[in-house]
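Work through the exercises below with the sequence and the structure at hand. Each task is followed by a solution in steps.

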Amino acid sequence: MARPRARLAGLDWLLLVVSLALGGIAGYLGLLLGMRLLLEPRIVSETALRLSKYTVLVEQVLQHAEEPLPVGVLVRQQNQLPSGPPAQAGRIELLLEKAMAREFGLQRRLQRDQPPLQDPWGGHWVQLNRFDQRTGQPLWLFQSQRLSNSLWYLPPLRILAILIGALAGLVLFLRLKVERPLGQLLTLLAEQGSAAPLQLLPEQGIAPIRNLSLRINRLLERINNTASARRQLLHGLTHDLGGPHARLMLRTEILCERLSGENGELAQAMALDLERLRELTDQLAMLGEQELPAERRQPCALDDLCGRIVASHPSLLIKLRLPRLLVNLDPEGLQRALNNLIDNALEYGAPPVELSAVRRGSDLLLRVDDHGAGIPTETLLAIPGPSRSNDRQRQRHRGLGLAIVERFCVDHQGRLRLLEAPGGGLRAELQLPVLVDWAT
C-alpha cells in the first residue's frame, strides 16, 4: 500500500506561486494607485508652490541688474546645464508645470536635475523669464528637493507593498485550498448519520487534503458495503424464517384444536411463543431497513401517543409524567422502542415503571425508569450490545430490544443513553431532536 503523501503536488506548487505573484503584483499596483490618488497630488501642490515663490523672487532680483543674487541661489545659462540642452520633461515635471500655470499663472519649463547632481536629494531646474545680457541664453534656476517632498522612501515602500501583497496571496491560497476544503470536510462528516448509505466526501484542496478525503471515502465505502451486507443478511434471515414459522403456526393451531387438557395448554403456550418469535422476526426486519424515510414521520402529541402505548400494560405498573409536547417522529417506531424498554423494565427491574419527558433546548429527553437493582457500572458502559454474564439479563436475550431502540434513535438523529435512575434501578434516556413546539 502506498504511503500517504504529505507534500504538495506540482499543481499545488504552481497555484501557490501564482497566488504569491498575483498578490505581489496587486500590492505593487495598489501602492501606485494610492500614490497617484493620495500622495502625488499633495507633493505636486507643495512643490509647485515652493517653485513658484522662489522663481518670482529670483526674477524680481534679476530685474534689477545692480543687485547681486543672494548666497546659495544657483542660476545658469541653458548651455551650462548638467545634461546640456533641456531634456523632455517627465510626468512629474509636466504636472508641476500645469500646477504652476493653473494656481500661480506662471508659464515655466521644468527639468529634473541630472547627474552630477547639484544636491544629493535631487532638484529641479526652472527656466526663468530672463536672459543673459551678454549671450542671450535663457537662464535656469536650480531649486533643490526638500526632504518632506522627496520620495527617498519609495523603494522600501515598494518592497513592503510587494511583500504584503504576496502575504495576502498566501492567505488567499490557504483560505481556498486548505481552510475551505477542511471546513467542508468537517461539516459533511458532522452531517453524516449513523445509518447507511453514508455520503462520500468531495476530494478537493491541496494534495494532503485530497488524499485524506480519498481515504475517508474508502472507509465510508467499506462501511456502506458492510451495512449493505448486513441488511441483505437480515433480510435473507427473516425471509428464510418466514416459511418454517408459518408452517409451525399452522400445525400449532391444528394441535390447539385437537388437543385438550394439559396437552392443549402446552399447545397454546407453543402458539404464544411462536407469536413472540414472529414479533422478533419483524424486529429483525426493521434492523435491516435503511434510514427512516421522511414520510413515515408525522406530528403528534407526545402525551396522547405515549398514553396509547402504555394502555396495554396494567395501569398500576406504569406511571406517566408527560407534558403536552408536539413532536415529529415515527409513531410506530416509538411504540416498538417504548414497548421494548417497558418490557425490559418490568421483566428485569421492578415496578412501577416511570415514563417521563423533559425539554432541553430543541431536544426531547424521553426517559423510562424502573425501580429494580440496576446493573453494574462496567456492564452499563458496554451496552447497548451483547449480554454479559453478570448483567441482569442472565444471557436469556442478546440485546435485540435495545438494538431496536438504538436504531430508532439513530434514525431520528438522536441517541440512546443508559444511566442510573435517581431512585435506583436503570434509566433508559432517548435524546431526540424531534420537538416541533410547545403545545398551547
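**Exercise 1: A charged pair between strands**

Glu429 and Arg367 are both buried. The model is a predicted one.

Task: Find how close Glu429 and Arg367 come, and state which strands their salt bridge ties together.

Solution.
1. The closest N and O atoms of Glu429 and Arg367 are 2.7 Å apart. A salt bridge requires a distance within 4 Å, and the two residues form one.
2. Glu429 belongs to strand 11 and Arg367 to strand 9, so the salt bridge ties together parts that are 62 residues apart in sequence.
3. Glu429 also forms a salt bridge with Arg417, where the closest N and O atoms are 2.4 Å apart. Arg417 lies in strand 10, 12 residues from Glu429.

**Exercise 2: Buried or partly exposed**

Task: Classify Glu429 and Arg417 by their relative accessible area.

Solution.
1. Buried means under 20% relative accessible area, and partly exposed lies between that and 50%.
2. Glu429 has 2%, so Glu429 is buried.
3. Arg417 has 26%, so Arg417 is partly exposed.

**Exercise 3: The sheet**

Task: Give the strand order of the open sheet of 5 strands and identify its edges.

Solution.
1. The order is 6-8-9-11-10, and the pairing is mixed.
2. Strand 6 (318-321) and strand 10 (415-420) each have a single partner strand, so one side of each is left without a neighbour in the sheet. These two strands are the edges.
3. Strand 6 and strand 8 (residues 353-360) run parallel and are joined by 4 bridges. Lys319 has Glu354 in strand 8 as its bridge partner.
4. Helix 7 (residues 331-348) packs on this sheet and touches strand 6, strand 8, strand 9 (363-369) and strand 11 (426-432).

**Exercise 4: The length of a helix**

Task: Check whether the span of helix 7 agrees with its 18 residues.

Solution.
1. At 1.5 Å a residue, helix 7 should span 26 Å.
2. The end C-alpha atoms of helix 7 are 25 Å apart, which agrees.

**Exercise 5: The largest nonpolar core**

Task: Which of the 36 residues in the largest nonpolar core touch the most other members, and which element gives the largest share?

Solution.
1. Leu302, Leu334, Leu366 and Leu430 touch the most other members.
2. Helix 7 gives the largest share of this core, 6 residues. The buried residues of helix 7 include Leu334, Ala337 and Leu338.
3. Leu302 touches residues including Leu322, Leu334 and Leu366.

Key. Residues numbered from 1 in each chain as written. Predicted model: local features only at pLDDT ≥ 70, side-chain atom pairs only at ≥ 80, totals over all residues. Heavy atoms only, no water. Pairing = 2+ DSSP bridges. Contact = heavy atoms within 4.5 Å. Axes fitted to C-alpha atoms, helices over the stretch in contact; angles between N-to-C directions. Expected span 1.5 Å × (residues − 1). Buried < 20%, exposed > 50% of the residue type's maximum accessible area, 1.4 Å probe, protein only. Core = buried A, V, L, I, M, F, W, Y, C linked by side-chain atoms within 4.5 Å. Salt bridge = Lys/Arg side-chain N within 4 Å of Asp/Glu carboxyl O. Lists of a residue's contacts leave out its neighbours within four places in sequence.
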